[in-house]
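Biologist: I am new to this structure and would love a close look at a single part of it. Could you pick one strand and walk me through its surroundings?

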Amino acid sequence: MSIEKVRAYFEQFGIADRIREFDVSSATVDLAAIAVGVEGARIAKSMSFKLSDTEPIIIVTAGDMKIDNAKYKAHFHVKAKMLTFEEACDFTGHAPGGVCSFALPENVKTYLDVSMKRFDTVFPAAGSSNSAIEMTCEELERYSSNFVEWVDVCKSKE
């Protein structure tokens with residue numbers, strides 16, 4: 001189970017006990033916001049894309065944001081293409097609803113979107129469709145597997 005991989009990954013940092021598991025689904029931003037008890041924007045939404053057939057990436061954004069295709073293409077030099085359900089499971093080891101930037105295979109790079117930096121803490125999933133962990137943006141950067149950089153690839157909120 002993916003949450004067990006994340007728990008084992010967090011053990012090395014001494015933060016596994018911070019994982020919160022819910023009796024209800026947290027598989028979507030809206031459901032996670034209800035489960036955690038915060039506004040949806042504070043849910044750290046992890047989306048899986050592929051830069052090529054062998055290069056999957058995770059982009060974590062604030063829960064109220066959407067990917068801006070033009071910004072994505074300008075940054076990554078390819079059209080945004082999300083992984084299918086099966087590809088997400090195969091490439092990341094996490095099923096959609098529990099996809100997160102933790103305990104990832106070495107070939108899966110993580111990018112964090114600046115849209116989260118307006119919050120003191122955010123709540124990414126922890127490998128299952130009924131889990132989350134509260135982190136500062138600095139902690140999210142520190143603990144994300146294969147972190148590359150902060151990016152600005154979301155639509156403006158104007």
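Modeller: Happy to! Let's start with one pair of residues: in this predicted model, Ser46 stands opposite Val60 in β3. Ser46 lies in β2, the strand spanning 43–52, and that is the part we will follow.

β2 and β3 run antiparallel and are joined by eight bridges. The link between them is a hairpin, which passes from β2 to β3 through two residues. β2 also has a partner in β5, a strand made of residues 123–124. Here the strands run parallel, with two bridges between them. One partnership to look for is that of Ile43, whose bridge partner in β5 is Phe123.

With these partners in place, how much of β2 is covered? Most of it: eight of its 10 residues are buried.

In soluble globular proteins, nonpolar side chains tend to be buried together. In this model, the largest nonpolar core has 43 residues. Among the elements that each supply at least two residues to this core are β2, β3, α1 and β7. The largest share, five residues, comes from β3. Phe10, Ile59, Phe102 and Met116 have the most contacts inside the core.

Met116 brings us back to where we began. Leaving aside its neighbours within four places in sequence, Met116 is in contact with several residues, including Ala44, Val60, Cys137 and Trp150. So that you can find the other cluster too: a second, separate core has 10 residues. Phe123, the bridge partner of Ile43, is one of its members, and Phe22, Val29 and Ala35 are also included.

Methods: Residues numbered from 1 in each chain as written. Predicted model: local features only at pLDDT ≥ 70, side-chain atom pairs only at ≥ 80, totals over all residues. Heavy atoms only, no water. Core = buried A, V, L, I, M, F, W, Y, C linked by side-chain atoms within 4.5 Å. Buried < 20%, exposed > 50% of the residue type's maximum accessible area, 1.4 Å probe, protein only. Helix = DSSP H or I, 4+ residues; strand = E, 2+ residues; numbered from the N terminus. Contact = heavy atoms within 4.5 Å. Pairing = 2+ DSSP bridges.
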